[in-house]
Amino acid sequence: LMRVQRKDFFLNEYPEECQHRLFIDIDSNISEWALQKIVDALDEVTNYAETKILRNTESGKVHMIVDVPSESFRGSLRKRAILHWLSKYLYETAELSDEYTWDEWNGDVFDLKASGIRSALSAKVAEGKLKGPGVYAPVGVDVSKLTLNQKVDIIAEYSIYAPVTGRWSREALLGFDEAEMELRAKKEASKKFKVISEYNAEKKTIPFLGVDSEVNGELLNTFIRLAPALWTDKRHWCIMLNHVKT
């Protein structure tokens, strides 16, 4: 891939429900002090597990690859439970309130919905076009001076698909079980509520701001224009569209 794509080398690691190393997507140029506190906190709930750090050469955002099982093979609910538990545990244990509010950290900085990450040294590509020069690289490494074989070694070393050798502590596993039960209970409770549509199929209208408005492209564009900016970025776009459809 690197021989063919050269500077536009692009490789996503987006796992299905299979076993792989845990990855944490930190969507912020987090300080080295806070990052070390997070690594120390992870050491307390893992055994024989190294945490590897990749920092974006342009934005400073961070990918963490932790040598413990993601447990994704147990389903998406388990994966969500692990991330929800970790988000709260790391915020409290690493004492991150000096850097972020809870609302900033939970879901924005600590990405709860990341379905995968770019591999080490991969460019960002969208719709077939290169989006900026930044790549995720080991701290202190000059990417421009790496040989092809050195790049290959780094990609393999930092891949989430590398063999898992560490394991979670008993405290963490119990925490995951509790978080999973809470998420399952919320999921079951949500099924009790039935959405009643106000769409008039005969007139093809829906009440909007007190007026029966025809459902057409202009109305949908109005919904989107009224959406907060935070809901129109890449991460929230699918959620945004689901709300519009509803």
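**Note on the predicted model: salt bridges, helix packing and local features**

1. The structure holds 13 salt bridges, and since this is a predicted model, the points below describe that model. As background, side chains of opposite charge can pair when their charged atoms come close.

2. One of these pairs joins the side chains of lysine 61 and aspartate 27, with an N to O distance of 3.3 Å. Lysine 61 sits in the loop between strand 4 and strand 5 (62-69), while aspartate 27 sits in the loop between strand 2 (21-26) and helix 2, so the pair ties together parts that are 34 residues apart in sequence. Lysine 61 counts as partly exposed, at 30% relative accessibility, and aspartate 27 is likewise partly exposed, with a relative accessible area of 21%.

3. A second pair is formed by glutamate 180 and arginine 78, whose side chains meet in a salt bridge at 2.9 Å, N to O. Here distant parts of the chain are linked, for glutamate 180 belongs to helix 6 and arginine 78 to helix 3, 102 residues apart. Are these two residues, glutamate 180 and arginine 78, buried or exposed? Both of them are buried.

4. A further salt bridge brings together the side chains of arginine 225 and glutamate 218, again given from N to O, at 2.9 Å. Arginine 225 is exposed, with a relative accessible area of 56%, whereas glutamate 218 is partly exposed, with a relative accessible area of 46%. Elsewhere, Glu71, Arg74, Arg78, Asp177, Glu180 and Arg184 are joined into one network by salt bridges that share partners, and this network includes the Arg78 and Glu180 described in the previous point.

5. The packing of helices can be taken next, since two packed helices are described by the angle between their axes and the distance between the axes. Helix 3 and helix 6 (residues 170-190) pack at an angle of about 115 degrees, with their axes 8 Å apart, and their crossing is right-handed. On the side of helix 3, the contact is made by Leu77, Arg78, Arg80, Ala81, Ile82, His84, Trp85 and Tyr89, and on the side of helix 6 by Glu171, Ala172, Leu173, Gly175, Phe176, Asp177, Ala179, Glu180, Leu183 and Arg184. The residues Arg78 and Glu180, which form a salt bridge, are therefore also among those that make this helix contact.

6. Helix 3 (residues 76-93) also meets helix 2 (residues 32-44), where the two axes come within 9 Å and cross at roughly 120 degrees. Helix 2 passes helix 3 in a right-handed crossing. Which residues make this contact between helix 2 and helix 3? From helix 2 they are Ile38, Ala41, Leu42 and Glu44, and from helix 3 they are Leu86, Tyr89, Leu90 and Thr93.

7. Two residues deserve attention for their backbone angles, given that most residues other than glycine have a negative phi. Tyrosine 48, although not a glycine, has a positive phi of about 60 degrees, and its place is in the loop between strand 3 (46-47) and strand 4 (51-56). At 66% relative accessibility, tyrosine 48 counts as exposed. Leucine 121 has a phi near 70 degrees, which is likewise a positive value in a residue other than glycine, and it lies in the loop between strand 6 (117-118) and strand 7 (125-126). Leucine 121, with a relative accessible area of 9%, is buried.

8. On the surface, Tyr199, Val215 and Leu220 make a nonpolar patch of about 230 Å². Leucine 220 belongs to helix 7 (residues 217-226) and is partly exposed, with a relative accessible area of 33%; residues are admitted to such a patch at over 30% relative accessible area, so leucine 220 passes that cut-off.

9. For the chain as a whole, there are eight helices and 12 strands, and the C-alpha trace spans about 65 × 45 × 35 Å along its principal axes. Of the 246 residues, 41% count as buried, while the chain exposes about 15,200 Å², of which carbon and sulfur atoms supply 53%. Among the contacts with a separation of 6 or more, 69% are accounted for by residues 24 or more positions apart.

Notes: Residues are numbered from 1 along each chain as its sequence is written. This is a predicted model: local features need pLDDT of at least 70, side-chain atom pairs count only at pLDDT 80 or more; totals for chains, interfaces and linings use all residues. Side-chain values use heavy atoms; hydrogens and water are left out. Patches are made of residues with over 30% relative accessible area and no salt bridge: like charges are joined within 9 Å, nonpolar side chains (Val, Leu, Ile, Met, Phe, Trp, Tyr) within 5 Å. Accessible areas come from the Shrake-Rupley method with a 1.4 Å probe; for residues, only the protein chains shown count as cover. A salt bridge is a side-chain nitrogen of Lys or Arg within 4 Å of a carboxyl oxygen of Asp or Glu. Helices (H or I, at least four residues) and strands (E, at least two) are DSSP runs, numbered from the N terminus. Buried means under 20% relative accessible area, exposed over 50%, partly exposed in between (1.4 Å probe, protein chains only). Axes are lines fitted to C-alpha atoms, for helices over the stretch in contact, and angles run from 0 to 180 degrees between N-to-C directions. A crossing is left-handed if the near helix is turned anticlockwise from the far one by less than a right angle, and right-handed if clockwise. Contact means heavy atoms within 4.5 Å.
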